[in-house]
Amino acid sequence: MSPEILVVVGVAVVAVIVLILLFKAIWRVAEPNEALIISGLGAHTKNELADSLGFKIVTGKGTAVLPGFQTARRLRLDSRATNLQVNCVTQQGIPVQVRGVIIYKVGDDFTSIANAARRFLDQQDSMNGAIHELFTGHLRSIIGNLTVEDLILNRERLTSETRSSAADEMSKLGLVVDSLQIQEIEDETGYITNLGKPHAAKIAAAARIAEAQRDQEATEAEQVAAAKKASAIRESQIQQAGYQAEVDQAAAKARQAGPLSEATARQEVVVQETRAAELEAQLAEQRLQSQVRKPADAKAYETVTLSQAERDARIAQAEAEARETELRATAQASQVKQAAAADAESVRVRGEAAAAATKATGLGEAEAAKARGLAEAEAAKAKGLAEAEAAKAKGLAEAEAIRARSEALRENQEAVIAQQLAENWPQIVEAGSKAFGNVDHMVVLNGAQGIEEMLAKALTLGGTGLGLARSLLAGGTPAAAKDGASVNGAEPPTKNAIDAAS
């Protein structure tokens, strides 16, 4: 390569580098959070505000600054924060200390940037002090019109009024408040502390009450859980005991299976023997019914029937004879009565006739009355004699009838007693069997023979009243049978005893 070409290339490269360095020296670019304030020759924009200001404001883009003719300075547009601590007095005269924070920045419009550039371009670090003093004054003014309660309960009102009152000054300074927060309000007198004590005490009391209620509920829940646990344990123990009892019972049954089977077999044998004994007793009873009781009943019925027929015939005959005697005596008494009446009437008539004759003959009324009295006395005497004869005849007839009945009873005493025994035989057997009424269960060892003996004894108990029946029929008592008559009626009473009773 020729030297001329190399020189040209070197000159070109140097020229480019010089141009780059020159461009970099005169070109300024504004960052997003800053504004370029350019002053000097030709430093103006195409708006009236820039022309009136006498400097150029560039934001968000680049511009050329001629060195030596123009100057470019940067104004930060980002947020700034400053703390507030203000000692002031409320409307109530209570001194309070208010602490807060203010977040502010330079406004984005050219007017705010221009106002801020004129005031803080070379003193940007003094913005915090200016803002602190500005808001301190406004806070003192506003808090002086508020009470402590307003400060505590309505902080939004405090911040809004503070921002409103400082808006004009902030606009003149070219600043904008992003946020104003009241962080804390304190007082040295303890007013705020005392102000919150009643509510705190109320809340504390409510908290203690709630805690006590929760403790009570927890205790009740624990007690219920403990009761359920105890109930579950009890049920488990009961079930375990029941299962153990079933196991023990099964083991006991297994151990007792042999003796129980033997006892069951013996019990079955005893039951069968008992049934056999019952069948034998029933057979003996049937045999007794067919061989003893029924023939005896038939014989007794035959004897009673024959005796009753013979007794009825004799009694009918005696009653007929007595009736005949009674009628004969009645007829005789009637005849005597009629004869006596006739005699009395004839006497009365004769007396009346004699009285009339006497009266007629003049013997006087006294004789006539006497005659009538005598006649009436005779008539009454005749009437009384007639009635006495009639009563005597009737008594003789009744005595004859009684004597005939006694004769019939004496001659047929056995038949009468047999008839009475046959008629009352169920009651006699029932009275004799009362000895077995209180027996719940009876085992007869000698079978049918034992049953026959017991039934025979029960039936023969009715014969003990035979002698008493005979004595009563004879007109005596059991104690009067001293002539060797047995109690069972082996010997009948004598005829003299019957006659004496008649």
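Visitor: How far does helix H4 (residues 127-143) reach from its first C-alpha to its last?
Guide: This is a predicted model, in which local features need pLDDT of at least 70, side-chain atom pairs count only at pLDDT 80 or more, and totals for chains, interfaces and linings use all residues. Residues are numbered from 1 along each chain as its sequence is written, and side-chain values use heavy atoms, with hydrogens and water left out. The expected span of a helix is 1.5 Å times one less than its number of residues. Helix H4 has 17 residues, with an expected span of 24 Å, and its reach is close to that, at 24 Å.

Visitor: How many helices and strands are in the protein chain?
Guide: Helices (H or I, at least four residues) and strands (E, at least two) are DSSP runs, numbered from the N terminus. On that basis, the protein chain holds 14 helices and eight strands.

Visitor: What share of the residues in the protein chain is buried?
Guide: A residue is buried under 20% relative accessible area, exposed over 50%, and partly exposed in between, using a 1.4 Å probe and protein chains only. Of the 502 residues in the protein chain, the buried share is 24%.

Visitor: Does His138 count as buried or exposed, and why?
Guide: His138 is found in helix H4. Other buried residues of H4 include Ile131, Leu134 and Phe135. Because its relative accessibility is 15%, His138 counts as buried.

Visitor: Which residues does His138 touch, not counting those up to four places away in sequence?
Guide: Contact means heavy atoms within 4.5 Å. With residues up to four places away in sequence left out, His138 touches Thr162, Ser165, Ala166 and Glu169.

Visitor: Which strands are at the edges of the open sheet?
Guide: Two strands pair if DSSP finds at least two bridges between them. The open sheet has three strands in the order S3-S2-S5, with antiparallel pairing. Each edge strand pairs on one side only, and these are S3 (56-59) and S5 (70-76).

Visitor: Which helix packs on the sheet?
Guide: Axes are lines fitted to C-alpha atoms, for helices over the stretch in contact, and angles run from 0 to 180 degrees between N-to-C directions. The helix touches S2, S3 and S5, and its direction makes about 120° with that of S3. Spanning residues 110-120, it is helix H3.

Visitor: Which residue in S3 stands opposite Ile38?
Guide: Strand S2 (residues 34-40) runs antiparallel to S3, and four bridges join them. Opposite Ile38 in S3 stands Lys56.
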